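Dear colleague,

I am passing on to you the structure shown below. My findings follow it, and I should be grateful if you would read them with the coordinates open.

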Amino acid sequence: MSAKEEILGRIRSALADAPAAEDIPREYRTSSEMSEEQLIEMLVDRLVDYKAGVDVIDAAQIPALVAAKLGQASSVVYPHGLDTGWLSALPQGIARRIDEPGARLSVAELDETSAVVTSSAVSIAESGTIILDGEPDQGRRAISLVPDHHVCIVPVSTIVQLLPEAMPRLTVTRPLTWISGPSATSDIELERVEGVHGPRVLDVLLVRGL
Amino acid sequence: MPAPGMGNLFEQEPFPQAAHRELGNTQMRKNLRHATHTIRDKRLRVVGELPDWEQLRDAGSAIKNSSMINLEERLLEFEKNFTARGGVVHWARDADEANKIVTDLIKETGSTEVVKVKSMATQEIGLNEHLETQGIEAFETDLAELIVQLGHDKPSHILVPAIHKNRTEVRDIFLKEMPVVDPDLTDEPARLAEAARKHLRKKFLAAKVAISGANFALADTGTLGVVESEGNGRMCLTLPETLITVMGIEKVLPKWEDIEVFMQLLPRSSTGERMNPYTSLWTGVSEDDGPQNVHIVLLDNGRSRVLADKFGRSALNCIRCSACMNVCPVYERTGGHAYGSTYPGPIGAILSPLMTGIEAEDNGSLPYASSLCGACYEACPVKINIPEILVHLRGDDVDANRGKRKIPTQMDLLMKGGSWALGKGKNIGLLEKALPLGRLAAGKSKKIKKLPGIAAGWTQSRDIPAPPNKSFRDWWSDEKESK
């Protein structure tokens with residue numbers, strides 16, 4: 001008998017006397033009534049708590065803010081679907097590297113790149129979570145991981161209050177990365193410290209009118 | 001009864017004996033007290049923020065119950081969907097089989113090094129030790145696991161395995177064991193985290209094979225998820241060419257929407273955060289993104305045995321958040337090593353004997369490692385009634401031992417005596433006549449300091465005050481007469 005058959009057989013006999021499954025009560029909150037301003041305020045509060053940098057801006061301010069955030073960087077990687085207008089104010093000295101199908105950057109190249117700029121798919125205000133889904137304006141998972149500084153654009157129209165409200169906006173079979181602040185650890189004395197293996201600096205630009 | 005689990009699931013000596021030794025480590029007790037109290041306060045704060053916390057717990061519990069009851073269907077559905085997306089599914093009856101599957105998969109790649117994301121399942125099967133015998137070096141990348149591995153130590157907590165070490169002890173381990181380390185390293189947690197980053201960076205960038213566990217599998221899409229904080233998980237799940245995940249069969253959830261419940265319950269219950277820094281979800285192979293050679297090993301190792309126990313079945317609902325150990329008065333004092341098994345604390349005290357059978361090694365002593373105060377049940381995000389299962393398992397332990405001895409034990413005699421005394425008012429009245437004898441035994445200090453036989457355990461760390469001159473019943477009837 002194969003391991004699979006044997007395990008499934010064990011499960012079957014283990015459950016021979018089990019009652020039928022009960023109905024699942026889903027009485028938790030699945031919708032909210034927050035205004036756009038309240039959503040922004042809540043998300044900012046959570047992200048600041050996680051020690052992320054946060055600015056609330058208008059679409060026209062993106063190039064200037066991106067340039068300001070990347071002032072110290074020597075190079076930046078961006079996914080091929082990103083609006084390159086967002087990088088238009090970057091100083092000449094900062095090398096720009098595009099990551100695109102057929103011309104992927106190697107892990108070593110990413111390691112030598114100081115920052116990354118991506119967009120995002122949906123954000124959850126209540127938990128301060130930004131979800132990337134690998135769309136062309138967010139790119140492969142590796143590009144938002146290896147560089148030490150992540151500048152992430154969050155269109156205000158993509159913010160919801162509750163996690164259950166974010167679910168219909170996601171395709172789960174895409175590679176998903178949920179980000180809630182810069183990398184952190186609670187492993188020493190259960191106290192949170194920011195900055196381990198993932199990007200140690202996370203700057204979030206919440207953009208109105210996008 | 002289905003086959004028992006093997007691997008690191010055993011208490012090697014009776015719990016009271018192990019606890020007694022661990023209690024002598026005052027530094028560890030201080031560290032644990034500090035850490036568990038920190039996390040309790042944080043957890044209460046973030047749980048209190050959600051007006052629907054109890055509704056989420058109800059949903060989480062019901063989703064898990066329904067998944068367990070239809071487990072065969074769910075696993076087959078998961079297998080079909082994961083396979084359709086380019087993943088390969090393996091089945092392992094027990095720890096040995098899982099270790100062999102993983103070893104063979106690594107050998108096929110030609111690699112002799114692997115990076116690992118913290119995983120309870122691989123801890124349980126003793127994968128690292130097995131790989132070492134096969135000439136494969138496994139590098140733990142979670143900070144706490146790294147501390148344990150570098151310190152040649154054993155994990156003592158399922159979420160923060162190095163919880164028994166404080167910052168100064170961690171610094172000393174790093175200074176002694178890291179090949180390249182700043183000799184001026186301080187014990188600031190931020191500096192220690194930075195040292196770990198430097199130590200592991202090259203490993204991540206060069207790794208060809210990664211091994212992970214999984215926090216959940218979604219049956220209807222074939223998706224796997226890993227919940228983490230540091231980014232070491234993302235490194236392992238994203239950069240290598242080959243990814244091998246070892247997961248217990250109970251981790252499968254029916255529908256992908258179900259994670260909306262568990263991703264609210266888990267982070268708040270485990271690290272006391274509104275959300276953990278990083279969660280990764282992947283479905284088989286994603287073209288052009290991440291590992292292209294993706295495997296999962298579905299592990300039984302005693303889980304079907306837990307499923308067969310209708311009173312203990314719900315122990316499989318555990319999402320490994322560790323809230324139960326953080327609130328447990330026993331765990332807080334003895335630490336995790338006293339439980340022997342990979343799974344310590346209240347959940348370990350039920351899970352280990354359920355997986356291995358109550359009669360295996362000293363696992364029969366684990367269900368007694370509790371005062372039955374119920375704090376664990378209250379904290380459990382999926383409402384596992386741990387105290388009830390503990391009592392059920394104590395019954396199993398007594399039953400398992402009863403047949404073994406011809407001569408009745410002191411406990412048997414005590415129970416018989418108790419049954420006689422408490423069976424009739426007359427009998428207990430008769431016994432109460434002996435109360436003055438107790439006063440005599442207590443002597444001038446009015447304290448009984450040592451009881452004989454197994455009752456000595458009671459007086460090991462406390463005195464018994466001298467009994468009163470007469471019993472309440474006698475006093476009552478005297479009062480009535482005098483009126």
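A210(B) stands opposite L243(B), a residue of strand β7(B). In this predicted model, the pairing to which these strands belong is parallel: β4(B), residues 209-212, is joined to β7(B) by 4 bridges. A second parallel partner of β7(B) is β10(B), residues 293-299, with 7 bridges between the two. Within that pairing, M247(B) has L298(B) of β10(B) as its bridge partner.

The surroundings of β7(B) deserve a closer look. The strand runs over residues 242-248, and 7 of its 7 residues are buried, so it is largely enclosed by the rest of the structure. In a regular strand, side chains alternate between the two faces of the sheet. Both faces are covered here: T242(B), I244(B), V246(B) and G248(B) are buried on one side, and L243(B), T245(B) and M247(B) are buried on the other.

I turn next to the sheet shared by the two chains. It is an open sheet of 8 strands with mixed pairing, in the order β8(A)-β5(A)-β6(A)-β9(A)-β9(B)-β6(B)-β5(B)-β8(B). Its edge strands are β8(A), residues 159-160, and β8(B), residues 252-253, each of which pairs on one side only. Where the chains meet in this sheet, β9(A) and β9(B), the latter covering residues 278-283, run antiparallel and are joined by 4 bridges. W178(A) stands opposite T279(B) of β9(B). On the chain A side, β6(A), residues 129-132, pairs with β9(A) in the antiparallel sense over 3 bridges. There I131(A) stands opposite W178(A). W178(A) thus faces T279(B) in one pairing and I131(A) in another.

The contact between the chains draws on 59 residues of chain A and 76 residues of chain B. On the chain A side, the elements that give two or more residues are α1 (3-14), α4 (107-111), α5 (163-166), β9 (176-179) and β10 (184-185). The greatest contribution on that side is from α1(A), with 9 residues. By class, the side of chain A that touches chain B has 29 nonpolar, 14 polar and 16 charged residues.

For chain A as a whole, the secondary structure consists of 5 helices and 12 strands. Its C-alpha trace spans about 70 × 45 × 40 Å along the principal axes. Of its 210 residues, 47% count as buried. Among the contacts in chain A between residues at least 6 apart in sequence, 70% join residues at least 24 apart.

The annotations for the two chains are as follows. For chain A, an unreviewed UniProt entry lists "domain: LUD" at residues 113-207. This span of chain A is 4% helix and 37% strand, and its end C-alpha atoms are 25 Å apart. For chain B, UniProt, again in an unreviewed entry, places "domain: LUD" at residues 77-298. That span of chain B is 41% helix and 21% strand, with its end C-alpha atoms 13 Å apart. The domain assignment of chain B gives domain 1 (15-304) and domain 2 (410-482). The centres of these two domains of chain B, taken over C-alpha atoms, are separated by 52 Å.

Finally, I would draw your attention to α3(B) and the loop before it. P51(B) lies in the loop between α2 (26-48) and α3 (53-69) of chain B. Is P51(B) buried or exposed? P51(B) counts as exposed, because it has 9 C-beta neighbours inside 10 Å, and the cut-off for an exposed residue is 12 or fewer. From P51(B) to A62(B) the separation is 11 residues in sequence and 19 Å in space, C-alpha to C-alpha.

A62(B) is among the buried residues of α3(B), which also include L56(B), R57(B), A59(B), G60(B), S61(B), I63(B), K64(B), N65(B), S67(B) and M68(B). What covers the buried residues of α3(B) includes α4 (71-84), β8, α12 (259-270) and α13 (303-307) of chain B. The length of α3(B) agrees with expectation: at 1.5 Å a residue its 17 residues should span 24 Å, and its end C-alpha atoms are 24 Å apart.

With kind regards

Conventions. Residues numbered from 1 in each chain as written. Chains lettered and ligands numbered in written order. Predicted model: local features only at pLDDT ≥ 70, side-chain atom pairs only at ≥ 80, totals over all residues. Contact = placed C-beta atoms within 7 Å. Nonpolar A, V, L, I, M, F, W, Y, C, P; charged D, E, K, R; others polar. Pairing = 2+ DSSP bridges. UniProt positions renumbered as here; feature names shortened; annotations may be inferred. Domains from an automatic or database assignment. Buried ≥ 20, exposed ≤ 12 C-beta atoms within 10 Å, placed from the backbone. Expected span 1.5 Å × (residues − 1).
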